[in-house]
Amino acid sequence: MIKTWMKTGISITMEGPDHAKEVRRSFSNVAKNVTADQVGELVSALEMVSTDTVLEAKVMTTEKVVLDK
């Protein structure tokens with residue numbers, strides 16, 4: 001089996017006084033090996049520039065898998 005990295009993205013769920021429901025923000029073209037510290041820095045930056053609070057951050061990596069035959 002051969003795995004090839006294709007892309008990584010981050011989905012952030014936020015809530016705040018300006019929304020009736022939770023809001024999701026998506027970030028694409030994220031580095032292949034994004035660290036938990038880097039995600040935490042992104043979360044901190046988003047909270048600093050808005051009145052929202054981050055509830056959840058999801059890192060999604062897409063890989064192509066070729067099975068050996």
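Start by selecting K3: at 53% relative accessible area, K3 is exposed, because anything over 50% counts that way. Keep in mind as you click around that this is a predicted model. Now add E63 to the selection. The two side chains form a salt bridge, with 3.9 Å from N to O. This pair ties together distant parts of the chain, since K3 sits in strand 1 and E63 in strand 3, 60 residues apart. E63 is partly exposed, at 39% relative accessibility.

How many salt bridges does the structure hold? There are two. For the other one, select E56 and K58, whose side chains also meet at 3.9 Å, N to O. Both ends are partly exposed: E56 has a relative accessible area of 38%, and K58 has 43%.

**Into strand 1**

Leave E56 on screen and pick T13, which belongs to strand 1, running over residues 2-15. Is T13 buried or exposed? T13 has a relative accessible area of 6%, so it falls under the 20% limit and counts as buried. Show its neighbors and you'll find where that cover could be looked for: leaving aside residues up to four places away in sequence, T13 touches E22, V23, R24, T53, V54, L55 and E56. So E56, one partner in the salt bridge with K58, is also among the contacts of T13.

**Out to the ends of the chain**

Next, select strand 3, residues 53-66, and look for V65 in it. V65 is partly exposed, with 41% relative accessibility. Switch on a surface and color M1, V65 and L67: together they make a nonpolar patch of about 320 Å².

One step along is V66, also in strand 3. V66 is partly exposed too, at 39% relative accessible area. Which residues does V66 touch, once those up to four places away in sequence are set aside? They are M1 and I2. For a sense of distance, draw a line from the C-alpha of V66 to that of S26: the two residues are 40 apart along the chain, and the line comes out at 28 Å.

**A loop stop**

Select N29, in the loop that runs between strand 2 (23-27) and helix 1 (36-48). N29 is exposed, with a relative accessible area of 77%. Check its backbone as well: the phi of N29 is positive, about 60°, although N29 is not a glycine. Most residues other than glycine have a negative phi.

**Zoom out**

Now show the whole chain as a cartoon. You should be able to pick out one helix and three strands, in the order β-β-α-β along the sequence. The C-alpha trace spans about 55 × 25 × 15 Å along its principal axes. The radius of gyration is 15 Å, whereas a compact globule of 69 residues would come in near 11 Å. Color by burial and 22% of the 69 residues show up as buried. On a full surface, the chain exposes about 5,400 Å², and carbon and sulfur atoms supply 52% of that. As for contacts between residues at least 6 apart in sequence, 69% join residues at least 24 apart.

Last selection: residues 3-65, where UniProt, in an unreviewed entry, places the feature "domain: DUF1659". Over that stretch the chain is 21% helix and 49% strand, and the C-alpha atoms at its two ends are 5 Å apart.

Notes
Residues are numbered from 1 along each chain as its sequence is written. This is a predicted model: local features need pLDDT of at least 70, side-chain atom pairs count only at pLDDT 80 or more; totals for chains, interfaces and linings use all residues. Side-chain values use heavy atoms; hydrogens and water are left out. UniProt positions are given in the numbering used here, feature names are shortened, and annotations may be inferred rather than shown by experiment. Helices (H or I, at least four residues) and strands (E, at least two) are DSSP runs, numbered from the N terminus. Patches are made of residues with over 30% relative accessible area and no salt bridge: like charges are joined within 9 Å, nonpolar side chains (Val, Leu, Ile, Met, Phe, Trp, Tyr) within 5 Å. Accessible areas come from the Shrake-Rupley method with a 1.4 Å probe; for residues, only the protein chains shown count as cover. A salt bridge is a side-chain nitrogen of Lys or Arg within 4 Å of a carboxyl oxygen of Asp or Glu. Buried means under 20% relative accessible area, exposed over 50%, partly exposed in between (1.4 Å probe, protein chains only). Contact means heavy atoms within 4.5 Å. The radius of gyration is taken over C-alpha atoms; the globule rule is 2.2 Å times the number of residues to the power 0.38.
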